[in-house]
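Colleague: Got a minute to go through this model with me? I'd like to start with one residue and then move on to the pockets.

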Amino acid sequence: MADDIAATTTAGEDERRLHELGYAQELRRRMSGFSNFAVSFTIISILSGCLTLYGYGMNTGGPAIIVWGWPIVGLFTLTVGLAMAEVCSSFPTAGGLYYWSAKLARKNGPAWSWFTGWFNFLGQVAVTAGIDFGAAFFINAFGALVWGWSTAHSVTILIYAIVLLVHGLLNQFGIRLVALLNDISVWWHILGVLIIVAVLAFVPSKHASASYVFSNIVNNTGWHSTFYVLLLGLLLAQYTLTGFDASAHMTEETHNAARSGPRGIVMSIVVSLIAGWVLLIGVTFAIQNAHYADYTGALVPPAQVWATAIGDTGAKLLLLVAIGAQLFCGMSSVTANSRMIYAFSRDGALPGSNFWHRVNKRTRTPTNAIWLGASGALILALPYLWNGAAYAAVTSIAVIGLYIAYVLPTFLRLRQGEDFKRGPWHLGRWSYLIGWIAVIWVVFITILFMLPTASPIHWVNFNYTVVAVLVVLGFAGIYWLVSAKNWFKGPKVQGSAEELAAIERELST
């Protein structure tokens, strides 16, 4: 009885805070703090990012950058997450980042909000593309091993489209199932890492030496600067450690949101940092050096590593573990992506906003936003049909889009100084040091991941990240100057207390 009263009280406080921020409780608030953490942890998905970009790491730095790049990037990413979490505690809304920018800017709030939202939109669509695109590679590799499927680019794209379709349908019709699968996903990832590492530790007859794993550098990029190549290799870790803004986007559906959202952000990074390092070290020790060239030329290099280390049957089983994690990850990414689109459209920022922010009365989910995110992800990956470097470009776009959106509110919060009104979860006197480290790191990686990844540069290996970023920035900038600056005033107040209650009553009937 006491627990029921406490839960009811917390729900009432969450709803009141949302009303103070200007919004009605349109989405159903049924997520626990653990479920909120589970969404971000699932989207980070060490069994997705670490493994899908493992081949990139093998060519761009080799074992040394695979193993040491992870903790370096992880610690800097933690500063970004901590700074975000502090702001999330003050503004627990589904829109998250663009809303924060509007409220934290000392002037020109609508403009800050507009560009934060558009970069977040780009990053969310790209990270969904990267996750499901990676899953398609692994599914294709499994099909090739078991049934002899073709690994042609068109086949991979077809599998990718089917995966996106399934994730869209799950999010539209199976929201309760999605919530359950998010919780299961946490344990799938943890147990999956333990299974893969244990199998690779005990089954192979021989392992790579410690000096090879921790110090061997490989450069198959065509560039002559080892330092430059090692920096490029940081993409493996930085791409994997994205998507934790999902905890912020899910706050309108989370109990005790002002604390649960920030904790979800931080804990998803911390747990991923530890488990991901264990996974990368375990896989790298399984490398058989004589087969290195075979690995780097494979569709899915980790599968080739496993096949030479433990045999085809074992590789197939480990592939299934990884594919399961990647499918969980993509499903959660579509969920978070749709919530961001829903919120951004609710405030009129996307063309056709009235259509994209509609909520299905039966499921209380933003159905149209789900399909916009999935369609955008499909379009972003289509260059793979003629550009083999497209996957690395998609992951770079995800990193740049998301991290710019992550750090803009942090920068504005730092400019506010002591005027910033902290929520119940905050960093105390560490706010400024952690915040500025986060800002500097994001500036650095934004420049780094738009640079060429291979030499000589031609259309087959061209890093089109800069094109995608400039297209979105150009579109958002021109749209702002020509039109939006006249009508986009930042996050809207949906109405008075009575009007917000009326919206909630209509949805509940």
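**A buried serine, then two pockets**

Modeller: Sure. Ser-185 is buried, at 0% relative accessible area (buried means under 20%, with a 1.4 Å probe and protein chains only). Keep in mind that this is a predicted model, where local features need pLDDT of at least 70, side-chain atom pairs count only at pLDDT 80 or more, and totals for chains, interfaces and linings use all residues. Residues are numbered from 1 along each chain as its sequence is written, and side-chain values use heavy atoms, with hydrogens and water left out.

Colleague: Where is the place of Ser-185?

Modeller: In helix H9, residues 175-202 (helices are DSSP runs of H or I, at least four residues, numbered from the N terminus).

Colleague: And leaving aside neighbours within four places in sequence, what is Ser-185 in contact with?

Modeller: Thr-42 and Phe-328, where contact means heavy atoms within 4.5 Å.

Colleague: Switching topic: which helix gives the most to the lining of the second largest pocket?

Modeller: H19, with five residues. H7 and helix H22 (465-482) each supply at least two. Lining residues have an atom within 4 Å of a pocket point; a pocket is an open set of points on a 1 Å grid over the protein atoms alone, where a 1.4 Å probe fits, with protein on both sides within 12 Å along at least five of seven lines.

Colleague: Which residues of H19 are buried?

Modeller: Among them are Thr-367, Asn-368, Gly-373 and Leu-380. Their cover includes helices H7, H8, H17, H18 and H20.

Key
Buried means under 20% relative accessible area, exposed over 50%, partly exposed in between (1.4 Å probe, protein chains only).
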